[in-house]
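Thanks for coming, everyone. Please have the structure up on your screens, and let's walk through it together.

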Amino acid sequence: MEDQIKYYQNKLAFEMDSSDLFDALNDGEKVIALDARKAFGFEAEHIPGAINIPHREMTIESTKHLDKEILYVTYCDGIGCNASTKGALNMTRLGFRVKELLGGIEWWKFDGYATEGTNGKQAGLKIECAC
């Protein structure tokens, strides 16, 4: 049972769902959504207020302007994409506090939250999480 408890604690320590991210952003917590996709994906559509650093471009130089006290929540397209995982790994190796967004931007939109960009969408009907 101890192994299982540790597993779930670790999972919550390293992952976040869209509802928790939305609340953290709106409650003024020190959190930034970090889009780890290529620039064209970010330009087309991204989480409001997000920054874009493609995972392949994450270096000491490209991240030197970022605050290491802030929590960065990496995301990508969704479950068929692993840019958020690669980004989370890179940012962690660079000394940042990181969590990965479950389901990426697709689940963000599925939950009814707005996006920005050339294909941005207004917030839709929010289906409240029963958790």
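First, a term we need: strands here are DSSP runs of E, at least two residues long, numbered from the N terminus. Keep in mind that this is a predicted model. With that, let's start at one residue. Leu 71 lies in strand β4.

Is Leu 71 buried or exposed? The cut-off for buried is under 20% relative accessible area. Leu 71 has 12%, so it is buried. Now look at what surrounds it. Setting aside neighbours within four places in sequence, Leu 71 contacts Met 16, Lys 30, Val 31 and Ile 32. Its contacts also include Arg 97, Val 98 and Lys 99. And here is a pair to find on screen. Leu 71 and Phe 96 sit 25 residues apart in sequence. In space, their C-alpha atoms are 7.5 Å apart.

Next, the strands. β4 covers residues 71–75, and five bridges join it to β2. Those two strands run parallel. Want a landmark? Asp 35 stands opposite Tyr 75 in β4. β2 itself spans residues 31–35, and four of its five residues are buried.

β2 has another partner. Two bridges join β2 to β3, and again the strands run parallel. Find Leu 34, then Ile 51 in β3: they are bridge partners. What links up with β2 and β3 to make a β-α-β unit? It is helix α3, residues 39–44, and the unit is right-handed.

On to the helix α2. Which residues of α2 are buried? Ser 18, Ser 19, Leu 21 and Ala 24. The buried residues of this helix pack against β1, β2, β4, β5 and α6. Look at the ends as well. At the N-terminal end, Asp 17 acts as a cap. One of its side-chain oxygens lies 3.3 Å from the backbone nitrogen of Ser 19. After α2 comes Gly 28, with a positive phi near 75°.

Stay with Leu 21 for a moment. Beyond its neighbours within four places in sequence, Leu 21 contacts Met 16, Val 31, Ala 33 and Ile 47, and also Val 73, Leu 101 and Trp 108.

That brings us to the cores. The largest nonpolar core has 15 residues. Which of them touch the most other members? Leu 21, Ile 47, Val 73 and Tyr 75. Four elements, α2, β2, β4 and α6, each supply at least two residues of this core. β4 gives the most, with three. There is also a second, separate core, of 14 residues. Among them are Leu 66, Tyr 72, Leu 94 and Phe 96.

Now charges. Side chains of opposite charge can pair when their charged atoms come close. How many salt bridges does the structure hold? Six. Let me show you three.

One is between Glu 15 and Lys 11, at 3.8 Å from N to O. Glu 15 is partly exposed, at 24% relative accessibility. Lys 11 is partly exposed too, at 36%.

Another joins Arg 37 to Asp 77, with the closest N and O atoms 3.0 Å apart. Why does this pair tie together parts that are 40 residues apart in sequence? Because Arg 37 lies in the loop between β2 and α3, while Asp 77 lies in the loop between β4 and α5. Arg 37 is buried, with a relative accessible area of 10%. Asp 77 is partly exposed, at 38%.

The third on my list is Glu 45 with Lys 109, at 3.0 Å, N to O. Glu 45 is in the loop between α3 and β3, and Lys 109 is in helix α6, so this pair ties together parts 64 residues apart in sequence. Glu 45 is buried, with a relative accessible area of 10%. Lys 109 is partly exposed, at 27%. Also, salt bridges that share partners join Asp 35, Arg 37 and Asp 77 into one network.

Last stop: His 55. Where is His 55? In the loop between β3 and α4. His 55 counts as buried, because its relative accessibility is 11%. Leaving out neighbours within four places in sequence, His 55 is in contact with Ala 36, Ala 83, Lys 86, Gly 87 and Asn 90.

That's the tour. Over to you for questions.

How values were computed. Residues numbered from 1 in each chain as written. Predicted model: local features only at pLDDT ≥ 70, side-chain atom pairs only at ≥ 80, totals over all residues. Heavy atoms only, no water. Buried < 20%, exposed > 50% of the residue type's maximum accessible area, 1.4 Å probe, protein only. Contact = heavy atoms within 4.5 Å. Pairing = 2+ DSSP bridges. Right-handed = clockwise from strand over helix to strand, strands pointing away. Core = buried A, V, L, I, M, F, W, Y, C linked by side-chain atoms within 4.5 Å. Salt bridge = Lys/Arg side-chain N within 4 Å of Asp/Glu carboxyl O. Polar contact = N/O pair within 3.5 Å; in protein donor to acceptor, adjacent residues only side chain to side chain.
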